[in-house]
Every structure is written in structure tokens, then in C-alpha cells.
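Subject: Structure handover

Hi there,

Here is the structure I promised to pass along. Please have a look at it first, and then read on for what turned up.

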Amino acid sequence: MALSIQSTETIASILQKVRDHYGEHCLDNDRVSDCYTIIDEFHANIKEHVATKIDSCQWFLEVVCDDGKVKLEFEYAGPGFDPTQSNPPGEQPVEARPIGGLGLAIMSQLSDEMNYRYENGTNKLTVALDTTLPREDDPCL
């Protein structure tokens, strides 16, 4: 079952919905925390780039947990936008960078796989993480 989320909801309430609905099925480790960060970044992008253009913005999230692997399936209506094709921010100091683009870069960096498709006016983004594996950039390894 997909959770229905309004763009006006706080990220705290969204993450609580996810924990309440899916928490017992998913492991609790740093990679699951990465899932929460991805959800937060997705919600921020919806609020900034989609909700400002329409009266009522609703998006859906389904979390599939299977054998330590987590798949986040996001859906929302609107014009097509493929986040997997966005250009990562350049290697500039933070103060010199143009505003925007960091959220998508964070989502991409934290995930093991990101896939996008656009069907019948609906954007569908699937983000996958293997929570049994450590982060690639973990300095403690």
C-alpha cells in the first residue's frame, strides 16, 4: 500500500508515517537513515518545484522492504522531470555554487540505484538501497 502525502505536511510527520507503517519490516541502521534523507530531499523538491505551480499537490510513497533491500517508489502527477538526468553540482566552493541541485545529488549519492519513468502524466521514481551493505564512502571501513 502506498502512503498518500500532501506537500503541506512536515517532513517529521511524513517520516513518522513511514516509521509507523513500515518500521517493523525494515532494519534500523545507517542505510535506513539514508532512506529517510532521500524522502526528505524528495519532499523538499516537490514543495519547491511542483507544489508552487498547482493548487493541491499530493504525492505517493511506497516502501518495499525485502531481505535487507529497501525500494522507495515515489509517484506524483505533473510535467515530466527525470531527476536521474540532472547535472551534478560542479566542484566549486559552496559559496560560489548556484542555488539548487544539491538535493538530487544527495539522493543519487545515497542510493544504490535510481530509475525514472513517466507514464500518463505521472512521474515515477524508484530509489533502491541495500541496507545490508555499508556505505561506500564510510570512513570507518
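Let me start with the cysteines: the structure holds zero disulfides. Cys-35 is buried, because its relative accessible area of 5% falls under the 20% cut-off. Cys-57 is buried too, at a relative accessible area of 4%. Please keep in mind throughout that this is a predicted model.

**Overall layout**

The protein chain contains three helices and five strands. Reading from the N terminus, the order of elements is β-α-α-β-β-α-β-β. The chain has 141 residues, and 33% of them count as buried. If you like contact statistics, here is one: among contacts with a separation of 6 or more, 64% are between residues 24 or more positions apart.

**The sheet**

How are the five strands arranged? They make an open sheet in the order β1-β2-β3-β5-β4, with antiparallel pairing. β1 and β4 (113–119) are at the edges and have a single partner strand each, so one side of each lacks a neighbour in the sheet. From one strand to the next, the twist averages 20 degrees.

Starting at the β1 edge, β1 and β2 are antiparallel and pair over four bridges. Here Ser-4 is opposite Phe-60 in β2, and Gln-6 is opposite Gln-58 in β2. Two helices pack on the sheet. α1 touches β1 and β2, and its direction makes about 170 degrees with that of β1. α2 touches β1, β2, β3 and β5, and its direction makes about 10 degrees with that of β3.

β1 also has two distinct faces: Leu-3 and Ile-5 are on the covered one, whereas Ser-4 and Gln-6 are on the uncovered one.

Moving on to β5, this strand is mostly covered, with eight of its nine residues buried. β3 and β5 run antiparallel and are joined by nine bridges, with Leu-125 in β5 as the bridge partner of Phe-74. On the β4 side, β5 pairs in the antiparallel sense over seven bridges, and Val-127 in β5 is the bridge partner of Met-114. β4 and β5 form a hairpin with two residues between them, and Asn-120 in that turn has a positive phi of about 50 degrees.

**The nonpolar core**

Which residues touch the most other members of the largest nonpolar core? They are Ile-39, Trp-59, Leu-61, Leu-72 and Phe-74, out of 30 residues in that core. The elements giving two or more residues to it are β1 (3–6), α1 (11–22), α2 (30–49), β2 (58–66), β3 (69–77), α3 (102–110) and β5 (122–130). α2 gives the most, with seven residues.

Leu-61 is a good residue to click on if you want to see this core from the inside. Leaving aside residues up to four places away in sequence, Leu-61 touches Ala-2, Leu-3, Ile-5, Val-18, Tyr-22, Ile-39, Leu-72, Glu-73 and Phe-74. Among these contacts, Ile-39, Leu-72 and Phe-74 also appear in the list of core residues that touch the most other members.

**Two charged residues to look at**

Is Lys-124 buried or exposed? This residue, found in strand β5, has a relative accessible area of 15%, and since buried means under 20%, Lys-124 counts as buried. What does its side chain pair with? The side chains of Lys-124 and Glu-119 are joined by a polar contact of 3.0 Å. Not counting residues up to four places away in sequence, Lys-124 touches Phe-74, Glu-75, Asn-115, Tyr-116, Arg-117 and Glu-119.

Asp-66 is the contrasting case. Its place is in strand β2, and it counts as exposed because its relative accessibility of 54% is over the 50% cut-off. How far is Asp-66 from Asp-130 in sequence and in space? The two are 64 residues apart in sequence, and their C-alpha atoms are 9.5 Å apart.

That is the tour. Happy to talk through any part of it whenever suits you.

Best wishes

Terms used
Residues numbered from 1 in each chain as written. Predicted model: local features only at pLDDT ≥ 70, side-chain atom pairs only at ≥ 80, totals over all residues. Heavy atoms only, no water. Core = buried A, V, L, I, M, F, W, Y, C linked by side-chain atoms within 4.5 Å. Buried < 20%, exposed > 50% of the residue type's maximum accessible area, 1.4 Å probe, protein only. Contact = heavy atoms within 4.5 Å. Pairing = 2+ DSSP bridges. Axes fitted to C-alpha atoms, helices over the stretch in contact; angles between N-to-C directions. Disulfide = S-S within 2.5 Å. Polar contact = N/O pair within 3.5 Å; in protein donor to acceptor, adjacent residues only side chain to side chain.
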